[in-house]
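Student: Could you walk me through one part of this model in close detail? Pick a single residue, then work outwards from there.

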Amino acid sequence: MYSFVIHLKNYYMEQKVSIPQKGPKSLAELYWAMTKLALQGFGGVFPVAQRVLVEERKWFTPQGFLEEWAIAQVLPGPNIVNLLVMSGSKWFGAMGAFVAVAGIFSMPGLLLILVAIFFEQFREYPAVSGALHGMGVVSAGLIGGTSLKMAGSLKAHPLTFLGAITFTTVTFILLAVFKFPLIPVLLVMGTSSVLLTYLKIKHSRVAKEGE
Amino acid sequence: MNISFSDWLSVLIHFASMSVFAIGGAFALIPEFHRFFIDEHAWLTESQFSSSIALAQASPGPNALMLAMMGWNFGINATPVGYSHYAFAILGFVSCLFCALTPSCVLTFTATRWVQKNNEKMGVVAFKKGLAPVVIGSMLVSSWVIVRGDFVLENNWPIWIIALTTLLLVWFTKTHILWLLAGGAAIGASGLLGSI
(Lines give C-alpha, C1' and ligand atoms only; values in the text may rest on other atoms or scores of the structure.)
Protein backbone atom coordinates (compact mmCIF):
# COMPACT_ATOMS: atom_id res chain seq x y z
CA MET A 1 0.00 0.00 0.00
CA TYR A 2 2.81 2.37 0.91
CA SER A 3 4.62 2.03 -2.40
CA PHE A 4 1.29 2.53 -4.11
CA VAL A 5 0.86 5.81 -2.27
CA ILE A 6 4.40 6.90 -3.17
CA HIS A 7 3.60 6.08 -6.75
CA LEU A 8 0.51 8.29 -6.61
CA LYS A 9 2.52 11.08 -5.07
CA ASN A 10 5.08 10.94 -7.87
CA TYR A 11 2.24 10.93 -10.35
CA TYR A 12 0.93 14.14 -8.88
CA MET A 13 4.39 15.71 -8.84
CA GLU A 14 4.77 14.90 -12.52
CA GLN A 15 1.41 16.40 -13.30
CA LYS A 16 2.66 19.56 -11.56
CA VAL A 17 -0.49 19.77 -9.52
CA SER A 18 0.19 22.39 -6.91
CA ILE A 19 -0.11 21.02 -3.41
CA PRO A 20 -1.95 23.46 -1.18
CA GLN A 21 0.01 24.92 1.70
CA LYS A 22 -2.54 23.97 4.30
CA GLY A 23 -3.39 20.35 4.70
CA PRO A 24 -1.13 17.33 4.23
CA LYS A 25 1.99 17.73 2.11
CA SER A 26 1.62 14.44 0.29
CA LEU A 27 -0.78 11.58 -0.29
CA ALA A 28 1.44 9.36 1.84
CA GLU A 29 1.19 11.78 4.74
CA LEU A 30 -2.59 11.86 4.31
CA TYR A 31 -2.80 8.07 4.22
CA TRP A 32 -0.75 7.52 7.36
CA ALA A 33 -2.46 10.30 9.25
CA MET A 34 -5.83 8.69 8.51
CA THR A 35 -4.57 5.26 9.52
CA LYS A 36 -3.26 6.61 12.81
CA LEU A 37 -6.47 8.48 13.43
CA ALA A 38 -8.66 5.47 12.65
CA LEU A 39 -6.73 3.18 14.97
CA GLN A 40 -7.40 5.50 17.90
CA GLY A 41 -11.13 5.71 17.35
CA PHE A 42 -13.23 3.31 19.37
CA GLY A 43 -16.98 3.50 18.86
CA GLY A 44 -16.65 5.99 16.03
CA VAL A 45 -13.86 8.35 15.12
CA PHE A 46 -15.40 11.83 15.36
CA PRO A 47 -13.89 12.92 18.71
CA VAL A 48 -10.48 11.67 17.62
CA ALA A 49 -10.82 13.27 14.19
CA GLN A 50 -11.36 16.66 15.73
CA ARG A 51 -8.35 16.32 18.04
CA VAL A 52 -5.98 15.00 15.39
CA LEU A 53 -7.01 17.12 12.39
CA VAL A 54 -7.52 20.42 14.18
CA GLU A 55 -5.23 20.40 17.21
CA GLU A 56 -2.35 18.14 16.22
CA ARG A 57 -2.05 18.44 12.44
CA LYS A 58 -3.67 21.86 12.10
CA TRP A 59 -5.11 20.94 8.71
CA PHE A 60 -8.32 22.67 9.71
CA THR A 61 -9.13 25.69 11.80
CA PRO A 62 -11.65 24.82 14.55
CA GLN A 63 -14.31 26.89 12.80
CA GLY A 64 -13.50 25.38 9.40
CA PHE A 65 -13.73 21.89 10.82
CA LEU A 66 -17.18 22.49 12.26
CA GLU A 67 -18.39 23.95 8.99
CA GLU A 68 -17.12 20.98 6.98
CA TRP A 69 -18.59 18.65 9.57
CA ALA A 70 -22.01 20.29 9.26
CA ILE A 71 -21.93 19.68 5.52
CA ALA A 72 -20.73 16.10 5.99
CA GLN A 73 -23.77 15.50 8.17
CA VAL A 74 -26.21 16.69 5.55
CA LEU A 75 -24.94 14.28 2.92
CA PRO A 76 -25.79 10.60 3.13
CA GLY A 77 -23.12 8.11 4.16
CA PRO A 78 -20.96 7.91 7.28
CA ASN A 79 -20.14 11.45 8.39
CA ILE A 80 -16.42 10.83 8.77
CA VAL A 81 -16.24 9.31 5.30
CA ASN A 82 -18.02 12.33 3.82
CA LEU A 83 -15.66 14.66 5.64
CA LEU A 84 -12.67 12.79 4.25
CA VAL A 85 -14.05 12.74 0.71
CA MET A 86 -14.61 16.48 0.91
CA SER A 87 -11.21 17.39 2.36
CA GLY A 88 -9.28 14.75 0.45
CA SER A 89 -10.63 16.06 -2.83
CA LYS A 90 -9.93 19.64 -1.78
CA TRP A 91 -6.29 18.76 -1.12
CA PHE A 92 -5.49 16.27 -3.90
CA GLY A 93 -8.56 15.84 -6.11
CA ALA A 94 -10.29 12.49 -6.56
CA MET A 95 -7.09 10.63 -5.62
CA GLY A 96 -6.96 12.48 -2.33
CA ALA A 97 -10.54 11.45 -1.54
CA PHE A 98 -9.73 7.84 -2.37
CA VAL A 99 -6.51 7.77 -0.34
CA ALA A 100 -8.18 9.36 2.69
CA VAL A 101 -11.04 6.84 2.69
CA ALA A 102 -8.63 3.96 2.05
CA GLY A 103 -6.51 5.23 4.93
CA ILE A 104 -9.34 5.25 7.39
CA PHE A 105 -10.59 1.76 6.46
CA SER A 106 -7.61 -0.39 5.46
CA MET A 107 -5.81 -0.96 8.77
CA PRO A 108 -8.90 -1.06 11.01
CA GLY A 109 -10.50 -3.40 8.46
CA LEU A 110 -7.51 -5.72 8.56
CA LEU A 111 -7.48 -5.64 12.33
CA LEU A 112 -11.20 -6.38 12.50
CA ILE A 113 -10.77 -9.36 10.18
CA LEU A 114 -8.13 -10.75 12.55
CA VAL A 115 -10.40 -10.20 15.55
CA ALA A 116 -13.29 -11.86 13.70
CA ILE A 117 -11.13 -14.87 12.79
CA PHE A 118 -10.10 -15.19 16.43
CA PHE A 119 -13.70 -15.20 17.62
CA GLU A 120 -14.78 -17.56 14.86
CA GLN A 121 -12.08 -20.05 15.92
CA PHE A 122 -13.24 -20.09 19.52
CA ARG A 123 -16.96 -19.63 19.05
CA GLU A 124 -17.62 -23.15 20.28
CA TYR A 125 -16.42 -22.25 23.77
CA PRO A 126 -19.33 -21.07 25.93
CA ALA A 127 -17.17 -18.37 27.54
CA VAL A 128 -16.30 -16.85 24.14
CA SER A 129 -19.83 -16.91 22.76
CA GLY A 130 -21.06 -15.59 26.10
CA ALA A 131 -18.54 -12.73 25.96
CA LEU A 132 -19.67 -11.88 22.43
CA HIS A 133 -23.25 -11.91 23.60
CA GLY A 134 -22.41 -9.60 26.49
CA MET A 135 -20.61 -7.20 24.17
CA GLY A 136 -23.60 -7.22 21.83
CA VAL A 137 -25.91 -6.24 24.67
CA VAL A 138 -23.52 -3.46 25.69
CA SER A 139 -23.41 -2.24 22.06
CA ALA A 140 -27.19 -1.89 22.15
CA GLY A 141 -26.87 0.29 25.23
CA LEU A 142 -24.04 2.27 23.63
CA ILE A 143 -26.09 3.12 20.56
CA GLY A 144 -29.17 3.90 22.65
CA GLY A 145 -27.18 6.20 24.95
CA THR A 146 -25.54 7.97 22.00
CA SER A 147 -28.94 8.55 20.38
CA LEU A 148 -30.42 9.96 23.57
CA LYS A 149 -27.43 12.26 23.98
CA MET A 150 -28.08 13.52 20.46
CA ALA A 151 -31.76 13.92 21.28
CA GLY A 152 -30.68 16.60 23.75
CA SER A 153 -29.80 18.81 20.79
CA LEU A 154 -33.44 18.70 19.71
CA LYS A 155 -34.30 21.15 22.50
CA ALA A 156 -33.33 23.99 20.18
CA HIS A 157 -35.24 22.50 17.23
CA PRO A 158 -37.37 24.86 15.09
CA LEU A 159 -40.36 22.52 15.56
CA THR A 160 -39.97 22.84 19.35
CA PHE A 161 -38.72 19.97 21.49
CA LEU A 162 -42.15 18.37 21.66
CA GLY A 163 -42.64 18.51 17.89
CA ALA A 164 -39.22 17.01 17.19
CA ILE A 165 -39.69 14.26 19.78
CA THR A 166 -43.04 13.40 18.18
CA PHE A 167 -41.24 12.75 14.89
CA THR A 168 -38.64 10.66 16.72
CA THR A 169 -41.33 8.60 18.45
CA VAL A 170 -43.44 7.98 15.35
CA THR A 171 -40.32 6.95 13.40
CA PHE A 172 -39.42 4.57 16.22
CA ILE A 173 -42.87 2.99 16.23
CA LEU A 174 -43.00 2.60 12.44
CA LEU A 175 -39.59 0.87 12.34
CA ALA A 176 -39.61 -1.06 15.61
CA VAL A 177 -43.23 -2.10 16.04
CA PHE A 178 -44.53 -2.21 12.47
CA LYS A 179 -41.13 -3.18 11.03
CA PHE A 180 -41.53 -1.04 7.92
CA PRO A 181 -38.48 -0.81 5.62
CA LEU A 182 -36.30 2.26 6.18
CA ILE A 183 -36.69 3.90 2.77
CA PRO A 184 -40.49 4.51 2.84
CA VAL A 185 -40.27 5.59 6.49
CA LEU A 186 -37.43 7.97 5.71
CA LEU A 187 -39.31 9.34 2.71
CA VAL A 188 -42.59 9.93 4.53
CA MET A 189 -41.33 11.00 7.96
CA GLY A 190 -38.23 12.76 6.65
CA THR A 191 -40.08 14.71 3.98
CA SER A 192 -42.85 15.86 6.30
CA SER A 193 -40.38 16.82 9.03
CA VAL A 194 -38.14 18.74 6.60
CA LEU A 195 -41.16 20.47 5.08
CA LEU A 196 -42.58 21.54 8.45
CA THR A 197 -39.13 22.71 9.58
CA TYR A 198 -38.76 24.71 6.38
CA LEU A 199 -42.11 26.44 6.88
CA LYS A 200 -41.29 27.15 10.51
CA ILE A 201 -37.88 28.68 9.68
CA LYS A 202 -39.39 30.74 6.89
CA HIS A 203 -42.16 31.94 9.15
CA SER A 204 -39.74 33.01 11.88
CA ARG A 205 -37.45 34.76 9.39
CA VAL A 206 -40.38 36.66 7.93
CA ALA A 207 -41.49 37.58 11.46
CA LYS A 208 -37.98 38.84 12.24
CA GLU A 209 -37.84 40.97 9.14
CA GLY A 210 -41.22 42.44 10.00
CA GLU A 211 -39.97 43.70 13.35
CA MET B 1 -27.66 -22.38 4.52
CA ASN B 2 -28.09 -22.60 0.81
CA ILE B 3 -27.10 -19.29 -0.70
CA SER B 4 -26.85 -18.82 -4.43
CA PHE B 5 -25.02 -16.32 -6.60
CA SER B 6 -28.17 -14.27 -7.08
CA ASP B 7 -28.49 -14.02 -3.28
CA TRP B 8 -24.99 -12.51 -3.15
CA LEU B 9 -26.04 -10.09 -5.81
CA SER B 10 -29.16 -9.02 -3.95
CA VAL B 11 -27.13 -8.48 -0.76
CA LEU B 12 -24.62 -6.29 -2.58
CA ILE B 13 -27.38 -4.35 -4.34
CA HIS B 14 -29.09 -3.81 -1.01
CA PHE B 15 -25.89 -2.43 0.53
CA ALA B 16 -25.34 -0.15 -2.46
CA SER B 17 -28.89 1.17 -2.50
CA MET B 18 -29.00 1.74 1.27
CA SER B 19 -25.73 3.67 1.00
CA VAL B 20 -27.40 6.86 -0.21
CA PHE B 21 -30.06 6.58 2.49
CA ALA B 22 -27.52 6.36 5.29
CA ILE B 23 -28.27 9.79 6.68
CA GLY B 24 -26.81 9.92 10.16
CA GLY B 25 -24.35 7.14 9.38
CA ALA B 26 -24.17 3.41 9.91
CA PHE B 27 -26.19 3.23 13.14
CA ALA B 28 -29.30 4.48 11.38
CA LEU B 29 -29.09 1.56 8.93
CA ILE B 30 -29.07 -1.19 11.57
CA PRO B 31 -32.88 -1.62 11.72
CA GLU B 32 -33.04 -1.91 7.93
CA PHE B 33 -30.31 -4.53 7.74
CA HIS B 34 -31.89 -6.43 10.63
CA ARG B 35 -35.16 -6.52 8.73
CA PHE B 36 -33.41 -7.52 5.51
CA PHE B 37 -31.00 -10.16 6.80
CA ILE B 38 -33.12 -11.75 9.55
CA ASP B 39 -36.84 -11.05 9.10
CA GLU B 40 -36.96 -11.13 5.31
CA HIS B 41 -34.33 -13.67 4.32
CA ALA B 42 -32.98 -15.46 7.41
CA TRP B 43 -29.45 -15.14 6.03
CA LEU B 44 -27.97 -14.21 9.41
CA THR B 45 -28.81 -15.41 12.91
CA GLU B 46 -29.63 -12.98 15.71
CA SER B 47 -26.37 -13.86 17.40
CA GLN B 48 -24.34 -13.23 14.23
CA PHE B 49 -26.09 -9.91 13.77
CA SER B 50 -25.45 -8.65 17.27
CA SER B 51 -21.86 -9.93 17.31
CA SER B 52 -21.20 -8.13 14.00
CA ILE B 53 -22.01 -4.87 15.73
CA ALA B 54 -20.24 -5.82 18.95
CA LEU B 55 -16.94 -6.73 17.29
CA ALA B 56 -16.93 -3.62 15.10
CA GLN B 57 -17.50 -1.53 18.22
CA ALA B 58 -14.79 -3.32 20.17
CA SER B 59 -12.27 -2.79 17.40
CA PRO B 60 -11.02 0.66 16.38
CA GLY B 61 -12.16 2.42 13.21
CA PRO B 62 -15.27 3.96 11.68
CA ASN B 63 -18.67 2.59 12.70
CA ALA B 64 -19.35 1.67 9.07
CA LEU B 65 -17.16 -1.39 9.67
CA MET B 66 -20.16 -3.02 11.34
CA LEU B 67 -21.73 -3.28 7.88
CA ALA B 68 -18.58 -5.05 6.69
CA MET B 69 -18.97 -7.49 9.59
CA MET B 70 -22.50 -8.32 8.45
CA GLY B 71 -20.96 -9.12 5.08
CA TRP B 72 -18.37 -11.27 6.87
CA ASN B 73 -21.04 -13.36 8.61
CA PHE B 74 -23.09 -13.60 5.44
CA GLY B 75 -19.96 -14.90 3.70
CA ILE B 76 -19.53 -17.56 6.40
CA ASN B 77 -23.12 -18.72 5.98
CA ALA B 78 -22.81 -18.67 2.19
CA THR B 79 -19.70 -20.86 2.07
CA PRO B 80 -20.37 -23.95 -0.05
CA VAL B 81 -19.49 -27.30 1.53
CA GLY B 82 -15.81 -28.10 1.22
CA TYR B 83 -14.55 -24.52 0.85
CA SER B 84 -12.74 -22.32 3.35
CA HIS B 85 -15.06 -20.23 5.51
CA TYR B 86 -12.57 -17.44 5.74
CA ALA B 87 -12.16 -16.91 2.01
CA PHE B 88 -15.89 -16.32 1.64
CA ALA B 89 -16.06 -14.29 4.83
CA ILE B 90 -13.32 -11.93 3.62
CA LEU B 91 -15.04 -11.70 0.24
CA GLY B 92 -18.27 -10.72 2.01
CA PHE B 93 -16.44 -8.25 4.25
CA VAL B 94 -14.69 -6.41 1.43
CA SER B 95 -17.50 -6.47 -1.14
CA CYS B 96 -20.21 -5.33 1.29
CA LEU B 97 -18.03 -2.50 2.62
CA PHE B 98 -17.21 -1.43 -0.92
CA CYS B 99 -20.87 -1.41 -1.95
CA ALA B 100 -21.94 0.37 1.22
CA LEU B 101 -19.42 3.18 0.72
CA THR B 102 -19.08 3.79 -3.00
CA PRO B 103 -22.47 5.36 -3.85
CA SER B 104 -22.44 7.76 -0.91
CA CYS B 105 -18.80 8.70 -1.60
CA VAL B 106 -19.53 9.44 -5.24
CA LEU B 107 -22.54 11.51 -4.21
CA THR B 108 -20.50 13.46 -1.67
CA PHE B 109 -17.71 13.99 -4.17
CA THR B 110 -20.09 15.46 -6.73
CA ALA B 111 -22.42 17.35 -4.37
CA THR B 112 -19.89 18.96 -2.02
CA ARG B 113 -19.41 22.18 -3.97
CA TRP B 114 -23.12 22.71 -4.33
CA VAL B 115 -23.75 22.14 -0.63
CA GLN B 116 -20.82 24.38 0.35
CA LYS B 117 -22.26 27.18 -1.73
CA ASN B 118 -25.81 26.72 -0.45
CA ASN B 119 -25.09 25.71 3.11
CA GLU B 120 -26.81 28.75 4.60
CA LYS B 121 -29.84 28.54 2.33
CA MET B 122 -33.10 27.83 4.07
CA GLY B 123 -33.73 24.59 2.21
CA VAL B 124 -30.42 23.05 3.26
CA VAL B 125 -30.82 24.20 6.87
CA ALA B 126 -34.34 22.76 6.95
CA PHE B 127 -33.07 19.49 5.45
CA LYS B 128 -30.39 19.17 8.10
CA LYS B 129 -32.57 20.13 11.05
CA GLY B 130 -35.70 18.43 9.79
CA LEU B 131 -34.04 15.05 9.39
CA ALA B 132 -32.41 15.06 12.83
CA PRO B 133 -35.45 13.82 14.81
CA VAL B 134 -36.14 11.09 12.25
CA VAL B 135 -32.51 9.95 12.27
CA ILE B 136 -32.49 9.80 16.07
CA GLY B 137 -35.66 7.70 15.96
CA SER B 138 -33.98 5.30 13.57
CA MET B 139 -30.88 5.11 15.77
CA LEU B 140 -32.98 4.25 18.81
CA VAL B 141 -34.51 1.39 16.86
CA SER B 142 -30.96 0.10 16.26
CA SER B 143 -30.51 -0.27 19.96
CA TRP B 144 -33.92 -1.89 20.29
CA VAL B 145 -33.48 -4.52 17.55
CA ILE B 146 -30.24 -5.80 19.07
CA VAL B 147 -31.83 -6.40 22.47
CA ARG B 148 -35.16 -7.58 21.10
CA GLY B 149 -33.38 -10.56 19.58
CA ASP B 150 -33.05 -11.71 23.17
CA PHE B 151 -36.71 -11.31 23.96
CA VAL B 152 -37.23 -14.76 25.39
CA LEU B 153 -39.40 -14.58 28.45
CA GLU B 154 -37.39 -16.84 30.68
CA ASN B 155 -34.23 -15.51 32.16
CA ASN B 156 -33.91 -12.36 30.06
CA TRP B 157 -33.83 -9.75 32.80
CA PRO B 158 -30.01 -9.50 33.08
CA ILE B 159 -29.87 -8.54 29.41
CA TRP B 160 -32.25 -5.64 29.88
CA ILE B 161 -30.47 -4.49 33.02
CA ILE B 162 -27.09 -4.47 31.29
CA ALA B 163 -28.37 -2.71 28.19
CA LEU B 164 -30.16 -0.11 30.31
CA THR B 165 -27.17 0.43 32.60
CA THR B 166 -24.90 0.96 29.59
CA LEU B 167 -27.41 3.35 28.07
CA LEU B 168 -27.52 5.44 31.24
CA LEU B 169 -23.72 5.41 31.60
CA VAL B 170 -23.26 6.61 28.03
CA TRP B 171 -25.99 9.20 28.37
CA PHE B 172 -24.89 10.74 31.65
CA THR B 173 -21.20 9.92 32.14
CA LYS B 174 -18.06 9.87 30.05
CA THR B 175 -17.12 6.25 30.73
CA HIS B 176 -14.82 4.97 28.00
CA ILE B 177 -16.43 2.62 25.51
CA LEU B 178 -13.74 -0.04 26.04
CA TRP B 179 -14.53 -0.30 29.77
CA LEU B 180 -18.19 -0.81 28.97
CA LEU B 181 -17.47 -3.47 26.35
CA ALA B 182 -14.99 -5.22 28.64
CA GLY B 183 -17.60 -5.26 31.39
CA GLY B 184 -20.17 -6.73 29.03
CA ALA B 185 -17.68 -9.35 27.82
CA ALA B 186 -16.82 -10.35 31.40
CA ILE B 187 -20.46 -10.69 32.44
CA GLY B 188 -21.24 -12.59 29.25
CA ALA B 189 -18.26 -14.92 29.66
CA SER B 190 -19.39 -15.78 33.19
CA GLY B 191 -22.49 -17.34 31.61
CA LEU B 192 -24.99 -15.05 33.28
CA LEU B 193 -26.63 -14.10 29.98
CA GLY B 194 -26.75 -17.61 28.58
CA SER B 195 -25.36 -18.40 25.16
CA ILE B 196 -27.29 -17.89 21.97
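Tutor: Sure, let's start with Leu186(A), which sits in helix α8 of chain A, residues 182–210; helices here are DSSP runs of H or I, at least four residues long, numbered from the N terminus. This is a predicted model, where local features need pLDDT of at least 70, side-chain atom pairs count only at pLDDT 80 or more, and totals for chains, interfaces and linings use all residues. Residues are numbered from 1 along each chain as its sequence is written, while chains are lettered from A and ligands numbered from 1 in the order in which they are written.

Leu186(A) counts as buried because it has 22 C-beta neighbours inside 10 Å; the cut-off for buried is 20 or more other C-beta atoms within 10 Å, with C-beta atoms placed from the backbone. Thr171(A) is 15 residues away from Leu186(A) in sequence, and their C-alpha atoms are 8.3 Å apart. Skip the neighbours within four places in sequence, and Leu186(A) is in contact with Phe21(B) and Val134(B), contact being C-beta atoms, placed from the backbone, within 7 Å.

That brings us to the two chains: chain B puts 94 residues into the contact and chain A 86. On the side of chain B that touches chain A, α6(B) gives the most, with 24 residues. That side of chain B splits into 62 nonpolar, 27 polar and 5 charged residues; Ala, Val, Leu, Ile, Met, Phe, Trp, Tyr, Cys and Pro count as nonpolar, Asp, Glu, Lys and Arg as charged, and the others, Gly among them, as polar.

Key:
Helix = DSSP H or I, 4+ residues; strand = E, 2+ residues; numbered from the N terminus. Buried ≥ 20, exposed ≤ 12 C-beta atoms within 10 Å, placed from the backbone.
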